[in-house]
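Visitor: I am new to this structure and would like a close look at just one part of it. Please pick a single helix and walk me through its surroundings.

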Amino acid sequence: MMRENNPSLHAVVVPFPAQGHVNALLHFADLLRERGFFITFVNTEWSEKRMLQSSKQFSHRSSFRFLSFSDGLPAEHGRTDQLGELLVTLAKCGPALEELLCRDHGDGVPPVTCIVADSVMSCTVSVAAKLRMPRVVFWPVCAAFAVTQQYANLLLSQGHIPVKVSEVKHREKLISGLPGNIPDLWPSDLNSFYREQHQSEVIYEALLYESKCSNDADYMLVNTFEELERRDVISALYPIMAVLLLQ
């Protein structure tokens with residue numbers, strides 16, 4: 001049974017503008033709504049336009065408040081086809097997002113309680129700090145992959161990144177010792193954008209930056225279930241609290 005909205009609970013949900021990320025956060029926002037949260041779902045204008053083309057996305061979410069902000073890119077930009085440029089641009093969108101949330105949106109909108117941010121939406125770091133509210137990082141991927149991304153800068157310091165193409169299947173290059181007791185990984189198990197041929201590309205540095213910013217969270221959420229991944233893998237994402245999403 002759905003609970004009545006509690007005016008003291010208001011989550012601002014900010015996905016990365018790609019279908020898999022948006023869908024995962026829409027499903028999680030539904031779970032929050034069922035538990036009494038008022039939901040503000042914030043897209044980029046480009047992403048919202050794509051969502052509006054599918055009326056089914058909104059049919060059972062009429063109780064959500066949808067807002068959008070400009071990502072600052074020209075209409076003809078490829079967005080996810082030029083992922084590095086998109087990440088860099090979105091990282092600079094903190095002021096636009098802050099202005100949007102501080103704007104008067106009429107009666108019946110409770111004060112914001114927390115920001116639930118996609119794991120690669122670093123623009124929410126400054127917004128949460130200025131508005132003095134908790135920032136919850138949501139990983140739309142499994143916990144094991146999230147660990148390899150969150151600890152990318154550790155892998156860099158240990159010499160595992162950038163990955164040499166000639167070494168992706170060398171047994172002596174197996175990666176061990178990641179938090180969460182993750183089994184040894186082949187270099188090819190890491191994000192392909194961390195391979196040597198991408199080192200000079202914008203996306204390489206952008207993902208390392210997003211990895212660093214993902215650690216500046218008050219809480220972590222990961223899209224998994226306990227029968228799939230052990231609790232120590234999940235807890236490795238954050239030393240204080242990791243939340244297991246049961247689906």
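Guide: One term first: two residues are in contact when heavy atoms of theirs lie within 4.5 Å. This is a predicted model, in which local features need pLDDT of at least 70 and side-chain atom pairs count only at pLDDT 80 or more, while totals for chains, interfaces and linings use all residues. Residues are numbered from 1 along each chain as its sequence is written, and side-chain values use heavy atoms, with hydrogens and water left out.

Let us set the scene. The chain has ten helices and seven strands (DSSP runs numbered from the N terminus, H or I of at least four residues for helices and E of at least two for strands). Of its 247 residues, 48% are buried (under 20% relative accessible area with a 1.4 Å probe and protein chains only; over 50% is exposed, and in between is partly exposed). If you take the contacts between residues at least 6 apart in sequence, 66% of them join residues at least 24 apart.

Our part is helix α4, which covers residues 83–91 and packs with helix α9, residues 202–214. Their axes are 8 Å apart and meet at an angle of about 40° (axes are lines fitted to C-alpha atoms over the stretch in contact, and angles run from 0 to 180 degrees between N-to-C directions). The two helices are therefore oblique to each other (not under 35 degrees, over 145 or from 65 to 115, which count as roughly parallel, antiparallel and perpendicular).

Which residues bring α4 and α9 together? From α4 come L83, G84, E85, L87, V88 and A91. Their partners in α9 are V202, I203, A206, L207, Y209 and E210.

Now look at T89, which also has its place in α4. T89 is buried, with a relative accessible area of 18%. Setting aside residues up to four places away in sequence, T89 touches D71 and L73.

D71 leads us on to another pairing. The side chain of D71 forms a salt bridge with that of R79, at 3.0 Å from N to O (a side-chain nitrogen of Lys or Arg within 4 Å of a carboxyl oxygen of Asp or Glu). How accessible is D71? D71 has 4% relative accessibility, so this residue counts as buried. R79, also at 4%, is buried as well.

The structure holds five salt bridges, and two others let you look beyond our helix. R103 and E99 pair through their side chains at 2.6 Å, N to O. R103, at 41% relative accessibility, is partly exposed, and E99, also at 41%, is partly exposed too. E167 and K173 form another pair, at 3.9 Å from N to O. E167 is partly exposed at 21%, and K173 is partly exposed at 36%.

Finally, come back to α4 by way of C123. This residue sits in the loop between β4 (114–118) and α6 (124–131), and C123 is buried, at 1% relative accessibility. Between C123 and V88 there are 9.8 Å in space, C-alpha to C-alpha, although the two are 35 residues apart in sequence. Apart from its neighbours within four places in sequence, C123 is in contact with L90, A91, C93, G94 and L97. You have already met A91, one of the α4 residues that meet α9.
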